[in-house]
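Here's a quick tour of a chain you may want to have open on your screen while reading. We'll go through charge pairs, a pocket and a couple of buried side chains.

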Amino acid sequence: MLRRKTRRAAERHEKADPLDAAQEDRVRAVLALGGVPQADLSDGVQQVRLKLLERAADGREAPRDVSAWAAVVASNLAMDWHRARRRQERLGERLAVLWRETTEEDGAESRALSLAVTQGLGELPDAQRQVVVLRFYADLPVRAIADELGIPEGTVKSRLHSAVRVLRTRLHEGEVV
């Protein structure tokens, strides 16, 4: 009985999959040619699949040529991946400059604090790290952050609150503060 239910669920899942094997291979190829690392290809395929499912859920018609549509979406995802990587690199460079400036001006105690904060930032989820950096390093007000990220101000405040709480706990645990 259980096997029959599992088999039926698998059959329903197979029918619900908007990408066939050939389309999935094409999406992987477009992502790989777009410079997305091998480790991120499965996530990219899932994002394309999700976009197609969201399109159907919104009541929009399926694309005339799903394979071509999926390739375009994959190409856009590859560009987004590169943009995100460049943003992370620039953020890392800015944090390194700030850390060096702080360590040159201040003593060993300040260097330890800067290093602990930098490590703590690296351990935060991306969304929390992003708002912390924009608020405290780029000195943007909450409203500007919300506008730039396209999220409500309350979400920015919530992420800031959670991130600061985590950082404060880590700094106290490490006896840095």
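Let's start with what counts as a salt bridge here: a side-chain nitrogen of Lys or Arg within 4 Å of a carboxyl oxygen of Asp or Glu. By that rule, this model comes out with six salt bridges. Keep in mind that the model is predicted.

**The overall layout**

The chain has eight helices and zero strands. Read from the N terminus, the order of elements is α-α-α-α-α-α-α-α. Buried residues account for 27% of the 177 residues. As for how the chain comes back on itself, take the contacts between residues at least 6 apart in sequence: 57% of them join residues at least 24 apart.

**The charge pairs**

Side chains of opposite charge can pair when their charged atoms come close. Here are three of the pairs in this model.

| Salt bridge | Closest N to O distance |
|---|---|
| Arg28 and Glu24 | 3.7 Å |
| Arg83 and Asp80 | 2.8 Å |
| Arg129 and Asp126 | 2.3 Å |

Take Arg28 and Glu24 to begin with. Both sit in helix 2 (residues 21-33), four residues apart, which is about one turn of the helix. Arg28 has a relative accessible area of 26%, so it is partly exposed, and Glu24, at 21%, is partly exposed too. The cut-off for buried is under 20%. There's a further partner to look for: Glu24, Arg28 and Arg49 are linked in a network of salt bridges.

Next, Arg83 and Asp80. How far apart are they in helix 4? They are three residues apart, so about one helical turn separates them. Arg83 is partly exposed, with 38% relative accessibility, and Asp80 is partly exposed as well, with 39%.

Then there's Arg129 with Asp126, in helix 6. These two are also three residues apart, so about one helical turn lies between them. Are the partners buried or exposed? Arg129 has a relative accessible area of 11%, so it is buried. Asp126, at 52%, is exposed.

**The largest pocket**

Rolling a probe the size of a water molecule over the atoms shows where empty space is left. In this model, the largest pocket holds about 410 Å³ of space. Helix 4 (66-105) and helix 6 (126-137) are the elements that give two or more residues to its lining.

Which residues line the largest pocket? The lining is made up of Ala84, Arg87, Gln88, Arg90, Leu91, Arg94, Asp126, Ala127, Arg129, Gln130, Val133 and Leu134. Sorted by class, that gives five nonpolar, two polar and five charged residues. You'll recognise a pair from the table: Arg129 and Asp126 are both in the lining, and their side chains meet in a salt bridge.

**Helix 6 close up**

Helix 6 has 12 residues, and at 1.5 Å a residue it should span 16 Å; the end C-alpha atoms are 15 Å apart, so the two values agree. Its buried residues are Gln128, Arg129, Val131, Val132 and Val133. Of these, Arg129 and Val133 are also in the pocket lining. Just after the helix comes Asp139, whose phi is positive, near 60 degrees.

Gln128 is worth a click. This helix 6 residue counts as buried because its relative accessibility is 16%, and buried means under 20%. What does Gln128 touch, not counting residues up to four places away in sequence? The answer is Arg159, Ser162 and Ala163.

**Leu77 in helix 4**

Over in helix 4 you'll find Leu77. With 11% relative accessibility, Leu77 counts as buried. Leaving aside neighbours within four places in sequence, Leu77 is in contact with Leu31, Gly44, Gln47, Val48 and Lys51. To see this spot on the model, try drawing a line from Leu77 to Val30: the two are 47 residues apart along the chain, and their C-alpha atoms are separated by 9.6 Å.

**Pulling it together**

Helix 4 and helix 6 both come up more than once in this tour. Helix 4 holds the Arg83 and Asp80 pair and Leu77, while helix 6 holds the Arg129 and Asp126 pair and Gln128. Both helices also contribute to the lining of the largest pocket.

Note on methods. Residues are numbered from 1 along each chain as its sequence is written. This is a predicted model: local features need pLDDT of at least 70, side-chain atom pairs count only at pLDDT 80 or more; totals for chains, interfaces and linings use all residues. Side-chain values use heavy atoms; hydrogens and water are left out. On a 1 Å grid over the protein atoms alone, a cavity is a set of points where a 1.4 Å probe fits but cannot get out, and a pocket is an open set with protein on both sides within 12 Å along at least five of seven lines; lining residues have an atom within 4 Å of a point. Grid points are joined across faces, edges and corners, and a volume is the space filled by probe spheres set on the points. Ala, Val, Leu, Ile, Met, Phe, Trp, Tyr, Cys and Pro count as nonpolar, Asp, Glu, Lys and Arg as charged, and the others, Gly among them, as polar. Buried means under 20% relative accessible area, exposed over 50%, partly exposed in between (1.4 Å probe, protein chains only). The expected span of a helix is 1.5 Å times one less than its number of residues. Contact means heavy atoms within 4.5 Å.
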